[in-house]
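Here are a few notes to help you find your way around this one. Have the structure open and follow along point by point.

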Amino acid sequence: MTSDTYKGSCICGSISYEITGELRAFPHCHCRRCRKATGTGHASNVILKPHTARFIKGEELVHTYKVPDAERFRTAFCANCGSPMPKWLPDMSLAVIPAGSLDSHPALKPSGRIFYDSKADWSCDTSDLPLWPEYPQ
């Protein structure tokens with residue numbers, strides 16, 4: 001685990017935040033709700049203690065949605081551009097930071113895949129896929 005300071009923001013720049021402290025985990029979550037929330041095969045989140053994260057600008061633009069039948073699952077996003085934003089789960093004593101919203105790379109490498117039994121068949125295939133530095137022509 002590592003302790004450092006990181007900044008993050010939404011895609012339109014209306015919201016910015018800072019996290020300082022010990023990064024506890026960096027899981028890729030494959031649950032159905034995370035896939036729906038991100039529109040991808042998994043959510044990549046940095047987990048840390050809640051008092052280590054704060055909004056610097058635009059906190060009033062952070063909207064949240066709690067799934068009615070979920071005990072804890074909620075999303076947080078920018079009201080202007082829809083970018084996923086940090087969320088605090090005080091009942092679990094943690095903050096969940098969407099890794100893609102960080103403006104720099106965390107010092108912690110991904111720590112594993114959670115809810116992998118829920119993985120979409122098309123997601124995170126272990127076969128060799130072609131790689132492109134930019135969008136292929």
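1. Leaving aside its neighbours within four places in sequence, which residues is Ile-15 in contact with? Keep in mind as you look that this is a predicted model. From the early part of the chain, the partners include Gly-8, Ser-9 and Cys-10. Then come Phe-55, Lys-57, Gly-58, Leu-61 and Val-62, and the list is completed by Cys-78 and Met-85.

2. Ile-15 also belongs to the largest nonpolar core, a set of 20 residues. Along with Ile-19, Val-46, Ile-97 and Leu-102, Ile-15 touches the most other members. Two or more residues of this core come from each of β2, β4, β5, β7 and β9, and β2 gives the most, with 3. There's a second, separate core too: 7 residues, among them Ala-43, Val-67, Ala-70 and Phe-73. As a general backdrop, nonpolar side chains in soluble globular proteins tend to be buried together.

3. Now for the strand pairing around β2, which covers residues 16-25. β2 runs antiparallel to β5 (residues 53-57), and 4 bridges join the two. If you want a spot to check by eye, try Tyr-17, which stands opposite Phe-55 of β5. That's the Phe-55 from point 1, where it is in contact with Ile-15.

4. β2 has another antiparallel partner in β4 (residues 43-48), this time through 2 bridges. Here, Ala-25 has Ile-47 of β4 as its bridge partner.

5. On to the pockets. The largest has a volume of about 490 Å³. It is lined by 18 residues, and Cys-29, Cys-34, Phe-73, Leu-89 and Phe-115 are the closest to its centre. Phe-73 is worth a second look, as it also sits in the second core. Which element supplies the largest share of this pocket's lining? That's β4, with 3 residues. At least two residues each come from β3 (27-29), α1 (32-38), β4, β8 (87-89) and β9 (94-98). By type, the lining splits into 13 nonpolar, 1 polar and 4 charged residues.

6. The second largest pocket holds about 300 Å³ of space. Its lining has 23 residues, with Thr-38, Asn-45, Pro-84, Met-85 and Pro-98 nearest the centre. The elements giving two or more residues to this lining are α1, β4 and β7 (74-78). Here the split is 12 nonpolar, 10 polar and 1 charged. Met-85 ties back to the start, since it is one of the contacts of Ile-15.

Definitions and conventions:
Residues are numbered from 1 along each chain as its sequence is written. This is a predicted model: local features need pLDDT of at least 70, side-chain atom pairs count only at pLDDT 80 or more; totals for chains, interfaces and linings use all residues. Side-chain values use heavy atoms; hydrogens and water are left out. Two strands pair if DSSP finds at least two bridges between them. On a 1 Å grid over the protein atoms alone, a cavity is a set of points where a 1.4 Å probe fits but cannot get out, and a pocket is an open set with protein on both sides within 12 Å along at least five of seven lines; lining residues have an atom within 4 Å of a point. Grid points are joined across faces, edges and corners, and a volume is the space filled by probe spheres set on the points. Ala, Val, Leu, Ile, Met, Phe, Trp, Tyr, Cys and Pro count as nonpolar, Asp, Glu, Lys and Arg as charged, and the others, Gly among them, as polar. A nonpolar core is a set of buried Ala, Val, Leu, Ile, Met, Phe, Trp, Tyr and Cys residues joined through side-chain atoms within 4.5 Å. Buried means under 20% relative accessible area, exposed over 50%, partly exposed in between (1.4 Å probe, protein chains only). Contact means heavy atoms within 4.5 Å.
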